[in-house]
Amino acid sequence: MPEAVDAVEMQAALAGLRRTSGLPVAFGGLLSDARHARIGELNGAQTSALRGLVVSAGSGLGGKAIALARPCAVTDYAASRHISHEYDTAVAAEGLRSVVAVPVVVRRTVRGVLYGALRTPVSLGDRTFDAAVAAARDVEQALAVRDEVRQLLALTREQVDGPGTAPAAWEDVREAHRELRALVPKVADPALRDELLGVCGRLASASGARVPAAREVGLAPRELDVLACVAAGATNAAAARQLGLRPETVKGYLRSAMRRLGAHTRLEAVVAARRAGLLP
């Protein structure tokens, strides 16, 4: 779903780049194949000349950054002898002179490119380069999370939609449920987040073990996240690492979940949550 990343994580990364670097213009896009990136998001642009521009690997500044898989910059775009000039018309229409381009690289594969630019020909300093690299890292992390989500969704759908789950496979189902719930807070795209939660719900009820007479229990999302970790055998410290929380915070969520479930121990809380159809 590259469009969703363009619309959410890319916008946030470009806004962050402008804020931290002071550059007036930032733009970028993801690769549609191994050699072509489409500029899908603009921040601070005065025209739409750059929107939809398809940048080929090796062409222009961004194409050079894609081909070399490293940041590249020019002090005066139109006059630079170190890049090709297929995109001069669009760059000139926006009035850009000093430009930096940073590739978005996930697991050694270039997945996109981010630009920051000035409308005056000045040399860009380390602060600007650092801000541009940091913005690209934000998009890289979002893409890595999205890749992990898609892999887990594919695996868990086999369990949820298949003819049945063997008893020996339930530990895998429960581990997948825990991993998916841990990823939910890291996903900015609302549609993908809802999809994740939907699959988590289907995993939780996949065993058909819900007790009809069990009272309805409402747990906060983080309470359920902590219980999912506990159900997979995690200690409070391990759950804290997995969820990016402090151990004291995990303890607080666990106590609250136990109280809501009427449980006196961790094990009782897990059993009660499974009986209520909240955990697989």
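**Contacts, strands and helices in a predicted model**

Leaving aside its neighbours within four places in sequence, Ser 21 is in contact with Arg 127, Thr 128 and Ala 131. The model described here is a predicted one. Ser 21 belongs to helix 1, which covers residues 2-21. Its relative accessibility is 8%, and because buried means under 20%, Ser 21 counts as buried. Two backbone atoms are reached by the side chain of this serine. One is the backbone oxygen of Leu 17, at 2.5 Å from the side chain of Ser 21; another is the backbone nitrogen of Leu 23, which the side chain of Ser 21 reaches at 3.1 Å.

Strand 7 comes next, together with its partners. Of the 9 residues of strand 7, 7 are buried, so this strand is largely enclosed by the rest of the structure. Strand 1 (residues 25-30) runs antiparallel to strand 7, and 6 bridges join the two. Within this pairing, Ala 117 in strand 7 is the residue that Val 25 stands opposite. Strand 6 also pairs with strand 7 in the antiparallel sense, over 8 bridges. Here Thr 109 in strand 7 is the bridge partner of Val 106.

The connection between strand 6 and strand 7 rewards a look at the backbone angles. These strands form a hairpin with 2 residues between them, and Arg 107 in the turn has a positive phi of about 50°. Arg 108 likewise lies in the loop between strand 6 and strand 7, and its phi is near 70°, a positive value in a residue other than glycine. At 85% relative accessibility, Arg 108 counts as exposed, because the cut-off for exposed is over 50%.

Helix 2 spans residues 60-68, and its buried residues are Gly 60, Leu 61, Gly 62, Gly 63, Ala 65 and Ile 66. Which strands do the buried residues of helix 2 pack against? They pack against strand 2 (36-38), strand 4 (54-56), strand 5 (72-74), strand 6 (99-106) and strand 7 (109-117). Strand 6 and strand 7, the two arms of the hairpin, are thus among the packing partners of helix 2.

Just after helix 2 comes Ala 69, with a positive phi of about 55°. Ala 69 sits in the loop between helix 2 and strand 5, and this residue is not a glycine, its positive phi notwithstanding. With a relative accessibility of 41%, Ala 69 counts as partly exposed.

Two cysteines can be described in terms of burial. Cys 72 has 4% relative accessibility and counts as buried, and Cys 229, at 0%, counts as buried as well. The structure holds 0 disulfides.

Further along the chain, helix 9 takes in residues 247-261. Its 15 residues reach 21 Å from the first C-alpha to the last, close to the 21 Å expected at 1.5 Å a residue. The buried residues in helix 9 are Val 250, Leu 254, Ser 256, Ala 257, Met 258 and Leu 261. An α-helix has 3.6 residues a turn, so residues three or four places apart point the same way. What covers the buried residues of helix 9 includes three other helices: helix 7 (221-231), helix 8 (236-243) and helix 10 (266-275). After helix 9 comes Gly 262, which has a positive phi near 70°.

Notes: Residues numbered from 1 in each chain as written. Predicted model: local features only at pLDDT ≥ 70, side-chain atom pairs only at ≥ 80, totals over all residues. Heavy atoms only, no water. Helix = DSSP H or I, 4+ residues; strand = E, 2+ residues; numbered from the N terminus. Buried < 20%, exposed > 50% of the residue type's maximum accessible area, 1.4 Å probe, protein only. Polar contact = N/O pair within 3.5 Å; in protein donor to acceptor, adjacent residues only side chain to side chain. Contact = heavy atoms within 4.5 Å. Disulfide = S-S within 2.5 Å. Pairing = 2+ DSSP bridges. Expected span 1.5 Å × (residues − 1).
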